[in-house]
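Student: I would like to understand how the words used for a structure are earned, so could we set values against definitions?

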Amino acid sequence: MSENLIIFNARIVTPIGFSARKGEEMSQLQVIENGTVEVTKGIITYVGENRGEDRDGYYQHYWHYNARGHCLLPGFVDSHTHFVFGGERSEEFSWRLNGESYMSIMERGGGIASTVKATRQMNFLKLRSAAEGFLKRMSTMGVTTVEGKSGYGLDRETELLQLKVMRSLNNTEHKRVDIVSTFLGAHALPEEYAGRSDEYIDFLIREMLPLVRDGELAECCDVFCEQGVFSIEQSRRLLQAAKEHGFLLKLHADEIVSLGGAELAAELGALSADHLHASDAGIRAMADAGVVATLLPLTAFALKEPYARGREMIDSGCAVALATDLNPGSCFSGSIPLTIALACIYMKMSIEETITALTLNGAAALQRADRIGSIEVGKQGDFIVLNSDNYHILPYYIGMNCVIMTIKGGMLYPVA
């Protein structure tokens, strides 16, 4: 199949721009009725009203897709996931249903430590096969770019293995989903460093950051900045070192306790701060510093925790992104449809803001807004086709998929 594609008769719905949209800008979508998009060698070369000329037979080298009666949107960007791991934790989910908290499960040896043990026992092929299965499911829900984190090794060999799995999947010809890799060695304190968290941060700085950098295994560095995990000062020390090595910065910030992670993200100029039960001061700091606030409503839903204050963040001038947080413990779900519904129903975001959050702002959270996240000339030919010409069905289909076609770099992938 060619990467040259003409999509015509589409209702094109897209945010516009090459950087994150903030505040009121998030609700501003461009809508083109009966539009055409031309993709040449995987890159958008025309967007606008239908045009019928054949340019001297030029289009005979293009696939043609008639999208009459359907919406065409940019491909979704899931900018926070942990999709490479071993094992599962369904028993822990039952414990939570019986009233145990996420933190209490971690304290008794469950949580991240449980997945670390399972992941350390996996080989490359088994990890890769499981991760590839998640990518295929993401693609059916319209995801064309995903961020994947390490963090289930917490040792040299397994952290590098997770990142190598992502690199391998990213180098697959005609892949359905692009992967942006993040090093999250500071996801938890491994058992062998119990009581020695500063020494573990030293290990990450001294040994792991250079190895990941020299192997070109990750673009970003993340840290779980949380009470009982890594402190503000430990997080600052690791991220400053990562920045010196050329990594882009991301933070798990204020997920359980408002610790000041949002303020730290603003101080360090991070790409994004994620989860975010942030203080008012933290929200203002992110807005002023241009840090993308990445919100993960599926995790709040699964843990029965309050939702992040998406409405207040947008009204304060933040650029808000949405992501699934797919992981084996706190959120074993990569459901884009449910993410959209929760954002609109419980976080009081409009459908227009939600579309921007899952496309252009998700791209900005990965420093990709210059090449994906909107339907504009010069960007990648990454799109989704809905089963209707009314994009308001996205939250209306609560937990149900309304994507009938995912298009990646001009390649068509029908949803079965």
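Tutor: What follows is a set of questions and answers about the terms used for this structure. This is a predicted model, in which local features need pLDDT of at least 70 and side-chain atom pairs count only at pLDDT 80 or more, while totals for chains, interfaces and linings use all residues. Residues are numbered from 1 along each chain as its sequence is written, and side-chain values use heavy atoms, with hydrogens and water left out.

Student: Why is Phe 134 called buried or exposed?

Tutor: Buried means under 20% relative accessible area, exposed means over 50%, and partly exposed lies in between, with a 1.4 Å probe and protein chains only. Phe 134 has a relative accessible area of 11%, and therefore counts as buried.

Student: What makes Phe 332 buried or exposed?

Tutor: The relative accessible area of Phe 332 is 52%, which is over 50%, so Phe 332 is exposed.

Student: Which class does Ile 345 fall into, and why?

Tutor: Ile 345 belongs to helix H12 (residues 336-345), where helices are DSSP runs of H or I with at least four residues, strands are runs of E with at least two, and both are numbered from the N terminus. Its relative accessibility is 48%, between the two cut-offs, so Ile 345 is partly exposed.

Student: And why does Glu 25 get its class?

Tutor: Glu 25, in the loop between strand E1 (5-14) and strand E2 (30-40), has 32% relative accessibility, and so it is partly exposed as well.

Student: What makes Phe 134 and Phe 332 an aromatic pair, and of which kind?

Tutor: A search of the whole structure finds 10 aromatic pairs. Phe 134 and Phe 332 form one with 6.1 Å centre to centre and 90° between the planes. Rings of Phe, Tyr and Trp (its six-membered ring) pair if their centres lie within 6.5 Å, and planes under 30 degrees apart count as stacked, over 60 as edge-to-face and the rest as tilted, so this pair is edge-to-face. The pair links distant parts of the chain, 198 residues apart, with Phe 134 in helix H4 (residues 124-140) and Phe 332 in the loop between strand E13 (320-322) and H12. Ring pairs also join Phe 85, Phe 134, Tyr 152 and Phe 332 into a cluster.

Student: How do you know that the span of helix H7 is close to the expected one?

Tutor: The expected span is 1.5 Å times one less than the number of residues. Helix H7 (residues 232-244) has 13 residues and reaches 18 Å from its first C-alpha to its last, close to the 18 Å expected.
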